[in-house]
Amino acid sequence: MKKILAVLLAVTLLALTFVACSNGGTTEDTTAAAEGEKATLTMATNAEFPPYEYHEGDAIVGIDAEIAQAIADKLGMELKIEDVAFDSIIPGVQAKKYDMGMAGMTVTDERLESVNFSTSYAKGVQVVIVKEDSDIKTVDDVSGKKIGVQTSTTGDIYATDDFGEENVTKYENGAVAVQALVSGKVDCVIIDNEPAKSYVAANEGLKILDTSYIEEDYAICFNKENTELMDKVNAALEELIADGTVQKIVDKYINAE
């Protein structure tokens, strides 16, 4: 009789263990769900791109950070921002390390091979920064010159295609590229217009050419398999565009012309 009871007890314990596992997650996950903890939306960015994302003390702020927060609020999620190298954002999203990438990122055919993109939420313009006494007067004069870019950005991609890889020097971020211009290591820097304004304001003797180089659309990137999240984020983003929230955020950081 004792043997039978022991066997029945063992079977019961096994069944309870199976039920706990099949319900998914650990005891901690179950407790968190019971307490109504918000799901986390992890955004990868490169906080070296003012006014879209940059550091203000310990916080990451800017246009992208505020739009992402508005999206998370609308979805009832907790936003977590990870500051990483720009060229590791797409690989991280592909590997599902991050839910999405948002870093003043332009939609290109090459990137579309690796990730999906949301609706565009802002327009970007690539410009050329030079020294005030430079003999580079127009974009056409850039040919044959030493060009500084931030690695893996569209400035890097377009400059390499248009002017040749041998003429392009890649830097970790825009600030380092601009310092290379100041010190004479390169003749110009190709970068997005808004951060270009910040860099020129912070470095005496530089200017932006009057003629823009390329115009582009900014959007949020997602893992190609994560269409459910992309659709939810996209729906929230489109509502925020329609009700004027996105434009208000952009105008907060960029003076409307």
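This passage describes the pockets, charges and backbone geometry of a predicted model.

The cavity search came first. Across the whole structure, one cavity of 30 Å³ or more was found. The volume of this largest cavity is about 80 Å³. Its lining is made up of 15 residues, and those closest to the centre are F49, F86, A103, G104 and T153.

The second largest pocket was examined next. Its volume is about 240 Å³. The lining consists of F86, D87, I89, I90, P91, M105, E110, R111, S114, S152 and I157. Two helices, α4 (89-94) and α5, each contribute at least two of these residues. Helix α4 gives the largest share, with three residues. F86 appears in this lining and is also among the residues closest to the centre of the largest cavity.

Charged side chains were then considered. A patch of negative charge lies on the surface, formed by D109, E110, E113, D161 and D162. Two elements give two or more residues to this patch: α5 (109-112) and α6 (154-163). E110 is placed in helix α5. The E110 residue belongs to the negative patch and also lines the second largest pocket. Helix α5 thus recurs in both descriptions: it supplies at least two residues of the pocket lining and two or more residues of the patch.

Salt bridges were also counted. The structure contains nine. In one of them, the side chains of D217 and K123 meet at 2.6 Å, N to O. This pair joins distant parts of the chain, with the two positions 94 residues apart in numbering. D217 sits in strand β13 (residues 214-218), and K123 sits in strand β8 (residues 122-131).

Finally, two backbone features stand out against general expectation. Most peptide bonds are trans, and most residues other than glycine have a negative phi. The peptide bond from P50 to P51 is cis, and its omega is near 5°. P51 lies in the loop that runs between β2 (48-49) and β3 (53-56). K96 is not a glycine, yet its phi is positive, at about 65°. The K96 position falls in the loop between α4 and β6 (100-101). Helix α4, at one end of that loop, is the element that provides three residues to the lining of the second largest pocket.

Note on methods. Residues numbered from 1 in each chain as written. Predicted model: local features only at pLDDT ≥ 70, side-chain atom pairs only at ≥ 80, totals over all residues. Heavy atoms only, no water. Patch = residues over 30% accessible without salt bridge, like charges linked within 9 Å, V, L, I, M, F, W, Y side chains within 5 Å. Areas by Shrake-Rupley, 256 points an atom, 1.4 Å probe, with all protein chains shown as cover. Salt bridge = Lys/Arg side-chain N within 4 Å of Asp/Glu carboxyl O. Lys, Arg positive; Asp, Glu negative; His and termini not counted. Charge placed at Lys NZ, Arg CZ, Asp CG, Glu CD. Helix = DSSP H or I, 4+ residues; strand = E, 2+ residues; numbered from the N terminus. 1 Å grid on protein atoms, 1.4 Å probe; cavity = no way out; pocket = protein on both sides within 12 Å on 5 of 7 lines; lining within 4 Å. Points joined across faces, edges and corners; volume = space filled by probe spheres on them.
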